[in-house]
Amino acid sequence: MGELLVMTIIAGRRAALRAADVQSVIEIERIHPVPRAPNFIAGLAALRSQSLTVIDCRKSIGLARGAAADCRAAVVELGGHPYALLVDSVVDVVESRSEPMPLPGGFGEGWSRVAIGMVETEDEPALLIDIARMVAGPGANRAAIAA
Amino acid sequence: MDDLLGEFVAETREMLEAIEGEIVAWESDPADRARLDAIFRFVHTVKGNCGFFDFPRLEKLSHAAESVLAEVRAGRRSADSNLVDAVLAIIDRIAEMADAIESGEELPGNNDDLLIAAINATADDVSISATMQAAETAALKSHGPGATPRSIRLPVDLLDRVMSGISDMVLARNDLARRLRASGAEPTIDGPFERLSGILTDVRDAVTRMRMQRIDQLYNALPRLVRDLSAELGKQVMLDLEGGDVELDREMIEMIRDPITHIIRNAIDHGIETPSERIAAGKREIGLLSAVSRQSGNKIALTISDDGRGVNIAKLGRKAVAAGLFSQDEIDAMSRDDLHELMFEPGLSTAEQVSAISGRGVGMDVVRSNLEKIGGTIKVRSKDGEGSLFILEIPLTLTIVSGLTIGTCGQRFAIPQSYVEEIVHGGSNAVEFSQVGEAELVNFRGQRIPCLSLAKVLGLDDDASVCGKTLALVRLGNGELFAVAVDQIFDHEDLVVKPLAPAIMATGFYAGTTLLDDGNPILMLDIPSIAQAQGLANETRVRTPKNVAIVAEVAAQARPIMLFVGLDGRRRAIGMDIIRRIDVAPRSAVNIEGRRAQVVIDDLILPLLGLDGGTLPEDKIKLLRLSDGQCELAYAVRDVADAADLENAIVPADDDSLIEGVTLIDGEPVTIVDGHALFARFGRAAPRGEPLTCRLPMDDEWSQSMLAPLVLAAGYRIVTSDDEAADVTIVMDEAGDPDISAEAAVIRLHSDAHGPSAGSEGIYRYDRDALIGALKSAGMGGK
């Protein structure tokens with residue numbers, strides 16, 4: 001309740017990130033691909049003097065459909081490594097109107113893996129994203145994330 | 001006054017650090033005058049300073065050490081180990097006193113007289129060691145808390161912030177530079193901008209180095225540690241340190257200091273045997289302990305090896321069973337490597353007796369956990385009776401790597417420069433590609449080297465052929481060589497490598513990432529992992545002394561040469577040893593008559609060479625003045641290029657006797673002019689009635705091609721028939737004593753760079769100075 005959320009669109013759906021976790025929202029000019037890396041890793045991008053690992057959120061969820069409308073990404077840090085979460089677009093910063101809650105029947109394959117739960121906001125409900133699972137990609141299980 | 005005192009303490013401490021290693025080196029070679037002088041200077045300076053500050057005890061101590069060292073310098077006393085011990089004890093006491101002075105405490109201990117007695121005792125005095133021990137025990141007790149050194153401590157994250165700030169500035173500068181270029185030349189801005197740019201580069205260099213330290217910092221303390229330990233345990237240990245220039249994060253050096261100290265203690269205490277045991281085992285009585293650090297992909301590999309008795313794995317196994325960690329069946333089923341791992345189990349120690357040095361059983365498990373804390377690993381290998389090997393791998397995080405940036409399929413990558421042996425352009429004639437099955441090979445300088453296409457390895461282009469591509473020849477830490485084919489090679493750059501996200505590291509292709517000056521991120525390739533994945537690398541090999549010998553021999557043969565461009569525009573080289581100087585002479589000084597040319601320099605008429613196939617310049621000509629010690633020649637050149645070392649083999653040229661052969665220098669063929677042949681043909685030695693004669697080993701190719709010109713150049717005539725008498729006879733070491741008359745001289749040559757085989761004396765056959773000297777002295781004695 002009353003938590004600030006960065007509202008984004010991922011694969012056409014409203015997905016929220018906790019604003020406290022998001023360092024900044026940037027526009028990525030150029031992504032340098034990393035050969036042989038898992039396909040949800042789009043590549044590396046430079047942010048000032050850092051290299052960001054760019055995570056393609058759609059692919060991390062396991063959805064290949066739709067192309068990014070622009071190159072907006074949320075910068076987060078996990079385990080000392082900076083990541084850029086590539087999303088369709090960043091809408092706004094909003095306040096949550098509820099605690100994250102589970103949904104009977106789940107959010108659908110892929111989405112359930114990265115979801116903390118559903119949160120109500122001023123207008124529509126959104127999916128609250130677990131950043132660690134998003135970064136870990138589709139192959140990772142819970143144990144690996146915890147480690 | 002306080003300021004002066006602070007200066008004195010700081011200076012003393014700085015000097016102490018500086019001579020710490022010297023003093024141990026001096027002990028191993030007491031004849032080393034330079035080291036002795038350094039130590040003498042130290043005590044002398046301390047003595048002078050404390051006279052000024054009125055520290056009578058310090059003065060007395062340093063005076064005692066100074067007078068003994070002065071005697072050693074004068075040759076009246078020899079530096080035996082007792083004397084060195086005593087000098088060390090005094091130096092230790094001086095350090096303690098300096099600390100006490102700084103912290104304003106009472107000067108520690110009061111048994112200086114014991115130390116002074118020890119240093120003044122003569123070598124055969126049996127009571128010295130007792131005196132020494134008493135003094136040292138007392139010193140140990142009086143050891144106070146360490147004082148703060150004269151430096152400031154900064155939190156590492158502050159340095160990180162400064163560093164990232166500077167990096168941002170560089171990017172901003174680059175951006176500004178682009179905009180300035182776009183807006184056209186602006187002289188009023190360009191000047192200051194250039195200056196700013198230069199300053200920024202300097203500052204950036206300094207800041208990057210702030211966190212880095214050479215591993216020498218760690219090595220410096222080791223000689224003393226090894227010396228003290230081995231003396232205490234009655235063992236003889238030789239310490240060999242290598243790779244001290246590897247740079248490592250300051251923090252990392254601190255983190256590995258204790259583990260390394262512990263491993264070295266263990267190696268001396270448990271690994272290396274006593275001299276009598278070693279002799280009984282057929283080894284040299286001096287044990288060898290070596291520490292080698294090497295940058296290896298995204299890790300620094302630090303290898304500590306000894307040639308002691310090796311790890312007693314049977315005992316380790318028994319202990320593990322006794323401690324209830326494993327059952328006997330489990331131990332029996334374990335491989336040797338698994339048994340080694342037992343060493344790191346908490347509470348296991350193989351020492352029968354708990355000694356003060358090691359063997360408290362709290363060792364290796366702590367070592368491993370400390371290393372793992374910083375993301376490092378430790379491995380042990382050993383062989384019964386042959387020694388053991390500890391391999392520590394420490395992550396590269398934040399280390400600065402000199403890298404080579406390369407491009408393939410439009411993408412850029414970096415390779416650590418330390419791996420790159422050479423860059424070869426595939427289009428050149430020196431390279432031949434071949435395919436065996438799916439494997440691709442490149443034939444370079446007569447060696448078939450496996451060749452990887454980077455595009456293929458990285459999956460960028462599965463059909464990429466290595467043919468005609470640019471190759472980076474890469475040598476792994478274990479000496480294995482392979483080629484990496486890329487599209488382009490860009491530049492050498494110093495790169496600050498940062499770790500990659502775990503998901504990318506897991507691919508095993510990359511060691512880290514770094515930002516280039518233009519702000520683009522670039523991936524650093526993990527060469528050892530790639531090689532391993534391609535089946536090109538073996539398990540780390542232990543360096544054997546044999547390799548060292550080979551390196552020494554090659555080094556002995558490397559011969560300095562001077563590169564120049566001849567009048568005909570061709571690149572040539574000539575041995576540096578015969579060049580006296582480079583001169584310029586006017587065209588008018590040259591006199592050409594028929595095939596003979598002369599030039600007048602310094603009122604001397606010298607034969608002039610090097611005119612074939614070229615035209616003399618109009619006004620002035622450059623000359624190499626060659627001398628063999630007796631006569632001089634002038635060699636005309638268009639330009640003098642560079643000095644180099646002749647390292648590659650010389651391919652002989654048969655048709656021209658003045659040409660020694662062709663060799664590769666920096667990948668280009670260069671003709672070597674045979675200086676000895678030049679003198680042999682054109683040199684006008686001082687006239688003498690009858691040349692001395694010399695007999696060479698007849699059926700030896702080497703003596704005909706190499707030795708004969710040298711002997712001719714020294715003014716000898718070579719005797720060919722068996723029954724003619726010779727003034728000097730040269731024999732190779734394999735041959736028996738020649739049948740010669742008593743008055744004739746014999747020069748014996750041997751082919752081993754390290755010295756003649758036992759029982760004979762002679763000259764190494766590539767030691768041309770000694771050979772020429774021998775020929776000369778034989779000539780004087782003969783007639």
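# Reading a two-chain model, step by step

Colleague: Which residues does Thr663(B) touch, leaving out those up to four places away in sequence?

Modeller: Thr663(B) touches Leu646(B), Asn648(B), Ala649(B), Ile650(B), Glu668(B), Pro669(B), Val670(B) and Ile672(B). Keep in mind as we go that this is a predicted model.

Colleague: Where is the place of Thr663(B) in chain B? And is Thr663(B) buried or exposed?

Modeller: Thr663(B) sits in strand S27, which covers residues 659–665 of chain B. For burial, the idea is to compare relative accessible area with a cut-off: under 20% is buried, and over 50% is exposed. Thr663(B) has 2% relative accessibility, so it counts as buried.

Colleague: Thanks! How many helices and strands does chain B have?

Modeller: Chain B has 23 helices and 33 strands. Of its 783 residues, 45% are buried. You can also ask how far along the chain contacts reach. Among chain B contacts between residues at least 6 apart in sequence, 64% join residues at least 24 apart.

Colleague: What about a single pair, such as Ala117(B) and Ala86(B): how far apart are they in sequence and in space?

Modeller: Ala117(B) and Ala86(B) are 31 residues apart in sequence, and their C-alpha atoms are 9.1 Å apart in space. Ala117(B) belongs to helix H5, residues 112–120 of chain B. With 40% relative accessibility, Ala117(B) counts as partly exposed.

Colleague: Now a helix. What should the 12 residues of H10 in chain B span?

Modeller: The reasoning uses 1.5 Å a residue, counted over one less than the number of residues. For H10(B), residues 222–233, that gives an expected 16 Å, and the end C-alpha atoms are 16 Å apart, so the two agree.

Colleague: Which residues of H10(B) are buried?

Modeller: The buried residues in H10(B) are Leu222(B), Arg224(B), Leu225(B), Val226(B), Arg227(B), Leu229(B) and Ser230(B). Just past the end of H10(B), Gly234(B) has a positive phi of about 65 degrees.

Colleague: There are arginines in that list. Which residues are linked with Arg224(B) and Arg227(B) in a network of salt bridges?

Modeller: First the general idea: side chains of opposite charge can pair when their charged atoms come close. Here, Asp92(B), Arg224(B), Arg227(B) and Asp228(B) are linked in a salt-bridge network. One of the pairs is Asp228(B) with Arg227(B), at 2.7 Å from N to O. Arg227(B) is buried at 9% relative accessible area, whereas Asp228(B) is partly exposed at 30%.

Colleague: How many salt bridges are there over all chains?

Modeller: The search of the whole structure finds 22. Two more examples help. Arg278(B) pairs with Glu273(B), with the closest N and O atoms 3.0 Å apart. Arg278(B) is buried at 1%, and Glu273(B) is buried at 6%. Next, the side chains of Glu277(B) and Arg309(B) meet at 3.3 Å, N to O. Glu277(B) lies in helix H12 (residues 275–280) and Arg309(B) in the loop between strand S5 (299–306) and helix H13 (313–322) of chain B, so this pair ties together parts 32 residues apart in sequence. Glu277(B) is partly exposed at 38%, and Arg309(B) is partly exposed at 34%.

Colleague: On to strands. Which side chains of S6(B) point to the buried face, and which to the other?

Modeller: Look for alternation along the strand. In S6(B), residues 377–383, Ile378(B), Val380(B) and Ser382(B) point to one face and are buried. Thr377(B), Lys379(B), Arg381(B) and Lys383(B) point to the other face and are not buried.

Colleague: How many bridges join S6(B) to S7(B)?

Modeller: There are 7 bridges, and S6(B) and S7(B), the latter being residues 387–395, run antiparallel. Ser382(B) stands opposite Ser388(B) in S7(B). The two strands form a hairpin with 3 residues between them, and Gly385(B) in the turn has a positive phi of about 75 degrees.

Colleague: Last topic, the interface. How many residues does each chain give to the contact?

Modeller: Chain A gives 20 residues and chain B gives 28. About 1800 Å² is buried between chain A and chain B, with carbon and sulfur atoms giving 65% of that area. The rule finds 0 salt bridges across this interface, but it does find 6 residue pairs in polar contact. On the side of chain A that touches chain B, the elements giving two or more residues are strands S4 (41–47), S5 (50–56) and S7 (81–86) of chain A. The largest share, 4 residues, comes from S4(A).

Key: Residues are numbered from 1 along each chain as its sequence is written. Chains are lettered from A and ligands numbered from 1 in the order in which they are written. This is a predicted model: local features need pLDDT of at least 70, side-chain atom pairs count only at pLDDT 80 or more; totals for chains, interfaces and linings use all residues. Side-chain values use heavy atoms; hydrogens and water are left out. Buried means under 20% relative accessible area, exposed over 50%, partly exposed in between (1.4 Å probe, protein chains only). Two strands pair if DSSP finds at least two bridges between them. Contact means heavy atoms within 4.5 Å. Buried area is the accessible area (1.4 Å probe) that two parts lose on being put together, summed over both. A salt bridge is a side-chain nitrogen of Lys or Arg within 4 Å of a carboxyl oxygen of Asp or Glu. A polar contact is a pair of N or O atoms within 3.5 Å; within protein, one must be able to donate a hydrogen and the other to accept it, and residues adjacent in sequence count only if both atoms are side-chain atoms.
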